[in-house]
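User: Could you take me slowly through one part of this model, the way a sheet and the helices against it are arranged, and then show me how the rest is put together? Please explain each term when you first use it.

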Amino acid sequence: MMATAKAKPTLTLLVEDSPIDVKMTRAALEGRPRHHQLSVANDGQHALAYLRGEGAYAGSERPDLVLLDLNLPRLDGHGVLAAIRSHPELRLLPVVVLTSSQSTEDIRLAYEGGANCYVTKPADVDEFLSAVRIVHEFWCDTVSRSPA
Amino acid sequence: MISVSVDEAPSTARRRESLEAAPDESAALEQLIAVYEEVSLSQSRKLEIAVADLRRSNSELARFAHAVSHDLQEPLRAVVFSTQLLLRELDGKLEPEANELAADIVAGVLRMRALIGGLLDYSQVGSSQIAPRLLEPAALLADVLADLGPALDESGAKVTCDALPHVVADPVQLGRVFQNLIANAIKFRGPEAPCIHISAEAHANEHVFSVADNGIGIDPSQHQRVFALFQRLHSPAEYRGLGLGLAIVKRIVEVHGGRIWLDSTEGCGARFFFSLPSDPSRSTPSPVSRE
């Protein structure tokens, strides 16, 4: 059964420290037909605090999708991924690694760590916008996610 | 920097003293052998340590280049994005001169990106990913020529090849060597259609391969420079490129224990030679350890 238009807007958590990439990701989602919300964490520790609803993030809504950069201040993407996968309530959260790294070691580590997919950031504006839209559409509209 | 010192162990020095005092010849001989064994043992241990140090510093260097390349890509991508977005905002509102400057920014950044990509590429050659095996260069060459098909057709190049001996090498990397050398022969062609000839000669301990062309040639004063990273003999307007191909070729050949050189004068074609250690036993080295 296809999931038809839900009343609730989707929520994506972008874990990203590069301002231009945040701007571009926002622009990509603005171009999508349905209403989608975007929260941004600028480093790995804030991302985890947000997801666990700790401190200033108490009561924060759980996202439908995490877009995760790898090269991050304080706690890198691999560390964030490991923490998500070992958390009883977060472990099934779709996590898409979105990074400039093309390193085979990073790709292998990400999949070993349980990333749902790995996307290398395209270096062209239009290709970047399109990649983010495709990923977002797939994970927010196309797939059926685990209910828990 | 790694230095190997071959100081004598104290026990060796002691044994040498007693050797001088030994009356019996056979006892002296035994002691001599003992001294020799101990010295050579301690030397080989020191050599092992030095090799381990070298390996470590090599892999640290590879990791360094890798990290630098990735860390440099990130801000560069930000510049590309911002410039592209800025130009879109300003579309049609710029004076021709400003447009030209904007195009220069984009061109400069794209070149920088290509150079960093090249550095990354170069740093990865010769890392742990090399898997040498016994192979037939002729089969490898057929694949390379198939890949180069469009460039060969477009230039009307003719490629001929002698019988080539089997060698032990990493097939992907050796393919890259041939690919780069043949592509260069096409790229730097003279007024006539390229004629490229590949041959090999067997020597005592090595096979020497060569790729000869009838292209524009290289002045002998530049022969060393052509193999250096990012060194180019021509302006980008004359020939496009990063100055990377031959640097990678040289590195691949050296990682395989060989050497590379060339014979050429300007206007008279070029002949590139590279050697690979021959393997008389024709045994395939097995990197797989059984457990």
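Analyst:
**A sheet and its helices**

Helix α1 (residues 19-30) of chain A lies across β1, β2 and β3 of chain A, and its direction runs at about 170 degrees to that of β2(A). Helices (H or I, at least four residues) and strands (E, at least two) are DSSP runs numbered from the N terminus, while axes are lines fitted to C-alpha atoms, for helices over the stretch in contact, with angles running from 0 to 180 degrees between N-to-C directions. This is a predicted model, in which local features need pLDDT of at least 70 and side-chain atom pairs count only at pLDDT 80 or more, whereas totals for chains, interfaces and linings use all residues. Residues are numbered from 1 along each chain as its sequence is written, and chains are lettered from A and ligands numbered from 1 in the order in which they are written.

Helix α3(A) also packs on the sheet, where it touches β1, β3 and β4 (95-99) of chain A, and its direction makes about 180 degrees with that of β4(A). Contact here has a fixed sense: the C-beta atoms of two residues, placed from the backbone, lie within 7 Å.

The sheet beneath these helices is open and has five strands in the order β2-β1-β3-β4-β5 (chain A), with parallel pairing. Its edge strands are β2 (36-41) and β5 (117-120) of chain A, each pairing on one side only, where pairing requires that DSSP finds at least two bridges between two strands. On average, and with direction ignored, neighbouring strands of this sheet are turned by 20 degrees against each other. Strand β1 (residues 10-15) of chain A pairs with β2(A) in the parallel sense over six bridges, and in this pairing A:Thr12 stands opposite A:Leu38 in β2(A).

One loop residue deserves a look as well. A:Arg74 sits in the loop between β3 (65-68) and α3 (77-85) of chain A, and it has a positive phi of about 65 degrees although it is not a glycine. Because A:Arg74 has 14 C-beta neighbours inside 10 Å, it counts as partly exposed, a class between buried (20 or more other C-beta atoms within 10 Å of its own) and exposed (12 or fewer), with C-beta atoms placed from the backbone.

Chain B has a sheet too, an open one of five strands in the order β2-β4-β5-β7-β6, but there the pairing is mixed. Its edge strands, pairing on one side only, are β2 (158-161) and β6 (260-264) of chain B, and the twist averages 15 degrees from one strand to the next. Strand β5 (residues 206-213) and strand β7 (residues 270-277) of chain B pair in the antiparallel sense over eight bridges, with B:Val211 opposite B:Phe272 in β7(B). Helix α6 (residues 171-187) of chain B lies across β4 (195-202), β5 and β7 of that chain, running at about 25 degrees to β5(B).

Finally, the two chains meet: twelve residues of chain B are in contact with ten residues of chain A. Helix α2 (residues 25-89) of chain B gives the most to the side of chain B that touches chain A, with eleven residues. That side divides into four nonpolar, five polar and three charged residues, where Ala, Val, Leu, Ile, Met, Phe, Trp, Tyr, Cys and Pro count as nonpolar, Asp, Glu, Lys and Arg as charged, and the others, Gly among them, as polar.
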